[in-house]
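Subject: Structure handover

Hello,

The structure I promised is placed below, with its sequence. Please look it over before reading on.

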Amino acid sequence: MIEVKILDFTVTRILEIVNDLRKTHTQGVDFDFEYHPPKFDNFSGDAVYNRCVIFKFYKEDLATWFSLKYQ
């Protein structure tokens with residue numbers, strides 16, 4: 001499994017990418033993804049953790065194609 005981490009994409013953009021992937025590949029077989037929302041310090045309001053999405057690919061060629069297209 002190959003993981004590709006993308007930082008600071010909006011949820012809308014992530015869902016567009018997922019929908020594009022689903023047109024030609026099967027989620028759960030070819031790829032999976034997990035979204036991590038941003039986390040903020042309740043005292044200062046500063047970001048402690050920036051939002052990111054981690055795409056997991058089960059085929060190396062798909063991971064390479066994805067990395068070249070979206071990073």
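The notes below go from the chain as a whole to one helix, then to the aromatic rings and the salt bridges.

**Overall**

Please keep in mind that this is a predicted model. The chain contains 2 helices and 5 strands, and read from the N terminus the order of elements is β-α-β-β-β-β-α. Along the principal axes, the C-alpha atoms occupy a box of roughly 45 × 20 × 20 Å. Of its 71 residues, 25% count as buried. The exposed surface of the chain comes to about 4900 Å², with carbon and sulfur atoms supplying 52% of it. Among the contacts with a separation of 6 or more, 59% are between residues 24 or more positions apart.

**Helix H1**

Helix H1 covers residues 11–24, which is 14 residues. From first C-alpha to last it reaches 21 Å, close to the 20 Å expected at 1.5 Å a residue. The buried residues of H1 are Ile14, Ile17, Val18 and Leu21. Viewed down the axis of H1, the buried residues lie within an arc of 100°, so they line one face of the helix.

What do the buried residues of H1 pack against? Their partners are strand S2 (31–36), strand S5 (52–57) and helix H2 (60–70). On the face of H1 turned away from the buried side sit the exposed residues Thr12 and Lys23.

**Aromatic rings**

The count of aromatic pairs is 6. Trp65 and Tyr70 make an edge-to-face pair, with 6.4 Å centre to centre and 90° between the planes. The cut-off for that label is an angle over 60 degrees. Phe66 and Tyr70 also pair: their ring centres are 4.8 Å apart and their planes stand at 45°, so this pair is tilted. Phe66 and Tyr70 are 4 residues apart in helix H2, which means about one helical turn lies between them.

Are Phe66 and Tyr70 buried or exposed? Both Phe66 and Tyr70 are buried; for Tyr70 the relative accessible area is 10%. Trp65, at 38% relative accessibility, counts as partly exposed. One aromatic cluster is formed by Phe33, Phe55, Phe57, Trp65, Phe66 and Tyr70.

**Salt bridges**

How many salt bridges does a search of the whole structure find? The search finds 4, and three of them are described here, starting with Arg13 and Glu16.

- Arg13 and Glu16: the side chains meet at 3.3 Å, N to O. These two residues are 3 apart in helix H1, about one helical turn. Glu16 is partly exposed at 39% relative accessible area, and Arg13 is partly exposed at 31%.
- Asp20 and Lys23: this salt bridge has an N to O distance of 3.5 Å. Asp20 and Lys23 also lie in helix H1, 3 residues apart, about one turn of the helix. Asp20 is partly exposed, with a relative accessible area of 33%, whereas Lys23 is exposed at 65%.
- Glu34 and Lys56: the closest N and O atoms are 3.1 Å apart. Glu34 is in strand S2 and Lys56 in strand S5, so this pair ties together parts that are 22 residues apart in sequence. Glu34 is partly exposed at 28% relative accessibility, while Lys56 is buried at 19%.

The value for Lys56 is worth a remark. Lys56 counts as buried because its 19% relative accessible area falls under the 20% cut-off.

**Reading the parts together**

Strands S2 and S5 appear in two of the sections above. The buried residues of H1 pack against both strands, as well as against helix H2. The salt bridge of Glu34 and Lys56 runs from S2 to S5. Lys23 also comes up twice: it is an exposed residue on the face of H1 turned away from the buried side, and it forms a salt bridge with Asp20. Tyr70 has a part in both ring pairs described, edge-to-face with Trp65 and tilted with Phe66.

Regards

How values were computed. Residues are numbered from 1 along each chain as its sequence is written. This is a predicted model: local features need pLDDT of at least 70, side-chain atom pairs count only at pLDDT 80 or more; totals for chains, interfaces and linings use all residues. Side-chain values use heavy atoms; hydrogens and water are left out. The expected span of a helix is 1.5 Å times one less than its number of residues. Buried means under 20% relative accessible area, exposed over 50%, partly exposed in between (1.4 Å probe, protein chains only). The arc is that of the directions from the helix axis to the C-beta atoms. Contact means heavy atoms within 4.5 Å. Rings of Phe, Tyr and Trp (its six-membered ring) pair if their centres lie within 6.5 Å; planes under 30 degrees apart count as stacked, over 60 as edge-to-face and the rest as tilted. Accessible areas come from the Shrake-Rupley method with a 1.4 Å probe; for residues, only the protein chains shown count as cover.
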